[in-house]
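Thanks for making the time, everyone. I would like to take you through one model this morning, beginning at its ligand and then moving outward to a few local details.

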Amino acid sequence: MGERIVIMGGGIIGLSCAFELRSRGHQVTVLEISSCGGQASGAAAGMLAPFSENVEGPDDFFRLCAQSLRLYPAFTDRVKQVSDLPFEYTESGSMYIAYHDADILALEGRLRWQREHGSSGSLLQGEEVFRLEPKLSGKVRAALYTPEESHLYAPHYVKALEHACRLMGVHIHEHLEQVAIKDWQSSVVLEAADLSVFEGDRLVVCSGAWAQQLEAAFGIRIPVYPIRGQICAYETEEKPVHHMVFCNQGYLVAKENNTLVCGASEDVAGFETTVTEKGIERLRKWNKQAFPFLETWTPFHKWAGLRPSTQDGFPLLGALAQSGRVVMGVGHYRNGILLSPVTAQLVADSVEGKKMPDFMQAFVPERFS
Ligand SMILES: Cc1cc2nc3c(=O)[nH]c(=O)nc-3n(C[C@H](O)[C@H](O)[C@H](O)COP(=O)(O)OP(=O)(O)OC[C@H]3O[C@@H](n4cnc5c(N)ncnc54)[C@H](O)[C@@H]3O)c2cc1C
């Protein structure tokens, strides 16, 4: 029969944990205050880019990201098989562009350590750059090409994941408005705004940027803060860009649905998800610099989401030391789409009391307390 698991939050992290736990035979209930995928997960650009996102060096966070990228094809295959819903998953590779000699040196350094950690990347210079991306500005001097990186269409993927969970028998309750923890020590009891009560053996916390609200309930510090990402998309007739293109200001990625997505700002704006003219104008400025054809284009769609950032930039993962009944899966900041398969696996292992890998020490939930 497995255990009764209650999951707080129906974003990509909560749904991936639900999918994994249900696949392992547990009875799973997902509680969502609004709608599944309605927050950061539905707003994301969907890039699976551990090499482009980690530029400093191979730390524990990079290892977590790289492991998740390796799990992605098999995990999404399982979701596709169960849900039978289509979603884009494109193994496009990526290019991290540089305009100046000093930046090329940095790319060379990055390439050296990344090749030792699973990248078959290369540094492209001069004409090699334009052979892969003919529409890039002539001012681009070089690009770090990483064939392993891929992307998916996050809104469709989250829908497929939710559908797969429902088909497998996960109980999903949406629009609960409020979910409060009534007990987590002797058993797990949660109560929604309409006073409906949900009971379980274990609680998995996946409430994204809202996780800090649980500090009082658990008596530990949970320094998770919302960082708004403003993002926009241009309508295209054919794919004008073939790879994910990164620079130190942001990224551009073309989707199968004839859109060119360009992201994203990083603003401290509380829980505000409005889009500002200034935020989008800043994106447009560097877009045009990278791809001059965008000079005359105007985004047809603009939106924003709240990334769950943490004080040290690392997520909070694993069981609370005070009580193995509670397992955390929050604070994935810029990489929650990428990190969803590995989080699901580690959370499920933690629920089942399996030994955590040594690198999980870096993500211990109580490390701020
Ligand atoms: C513009 C933008 C672009 C991004 N691009 C990428 C990208 O390309 N690649 C990548 O890997 N990541 C990307 N990210 C980051 C990624 O979207 C997040 O890291 C990820 O979605 C976090 O997932 P989550 O499930 O933790 O949070 P969310 O998707 O925010 O889900 C949390 C859910 O919990 C619910 N909730 C809150 N409190 C409670 C409660 N008390 N009870 C029940 N439910 C509750 C919320 O309503 C919400 O639905 C991007 C983010 C943004 C904003």
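Before I name any residues, let me say that a residue counts as near the ligand if one of its heavy atoms lies within 4 Å of it. What you have in front of you is a predicted model, and in it there are 36 residues around the ligand, of which E32, S41, M47, Y333 and R334 come nearest. If we sort the residues of that shell by character, 19 are nonpolar, 14 are polar and three are charged.

Let me turn to the backbone, where three contacts deserve a careful look. A backbone N or O atom of I13 sits 3.2 Å from an oxygen atom of the ligand, and for I337 a polar backbone atom is 3.0 Å from a ligand oxygen. In the case of I33, the partner of the polar backbone atom is a nitrogen atom of the ligand, at 3.5 Å. How much of the ligand's own accessible area does the protein cover? On its own the ligand has 1000 Å² of accessible area, and the protein covers 98% of it. Two or more residues of the shell come from each of these elements: α1 (12-23), α2 (40-43), β14 (224-235), β18 (301-310) and α10 (336-351).

Where does the ligand lie with respect to the domains? Since domain 1 (4-82 + 154-224 + 311-368) and domain 2 (93-149 + 225-310) both contribute residues to the shell, the ligand lies between them. For the annotation, UniProt, in an unreviewed entry, places the feature "domain: FAD dependent oxidoreductase" at residues 4-349. That span is 32% helix and 28% strand, and its end C-alpha atoms lie 15 Å apart.

Next, the aromatic rings, for which pairing requires ring centres within 6.5 Å; the count comes to 16 aromatic pairs. One of them is formed by F61 and F314, whose ring centres are 5.6 Å apart and whose planes meet at 20 degrees, so the pair is stacked. Because F61 belongs to helix α4 (residues 60-83) and F314 to the loop between β18 and β19 (316-319), the pair ties together parts that are 253 residues apart in sequence.

Finally, two points of backbone geometry. G263 and A264 are joined by a cis peptide bond, with omega about -25 degrees, and A264 is placed in the loop between β17 (259-263) and α9 (277-290). H175, although not a glycine, has a positive phi of about 55 degrees, and its place is in the loop between β9 (171-173) and β10 (179-183).

Conventions. Residues are numbered from 1 along each chain as its sequence is written. This is a predicted model: local features need pLDDT of at least 70, side-chain atom pairs count only at pLDDT 80 or more; totals for chains, interfaces and linings use all residues. Side-chain values use heavy atoms; hydrogens and water are left out. A polar contact is a pair of N or O atoms within 3.5 Å; within protein, one must be able to donate a hydrogen and the other to accept it, and residues adjacent in sequence count only if both atoms are side-chain atoms. Accessible areas come from the Shrake-Rupley method with a 1.4 Å probe; for residues, only the protein chains shown count as cover. Helices (H or I, at least four residues) and strands (E, at least two) are DSSP runs, numbered from the N terminus. Ala, Val, Leu, Ile, Met, Phe, Trp, Tyr, Cys and Pro count as nonpolar, Asp, Glu, Lys and Arg as charged, and the others, Gly among them, as polar. Domain bounds come from an automatic or database domain assignment. UniProt positions are given in the numbering used here, feature names are shortened, and annotations may be inferred rather than shown by experiment. Rings of Phe, Tyr and Trp (its six-membered ring) pair if their centres lie within 6.5 Å; planes under 30 degrees apart count as stacked, over 60 as edge-to-face and the rest as tilted.
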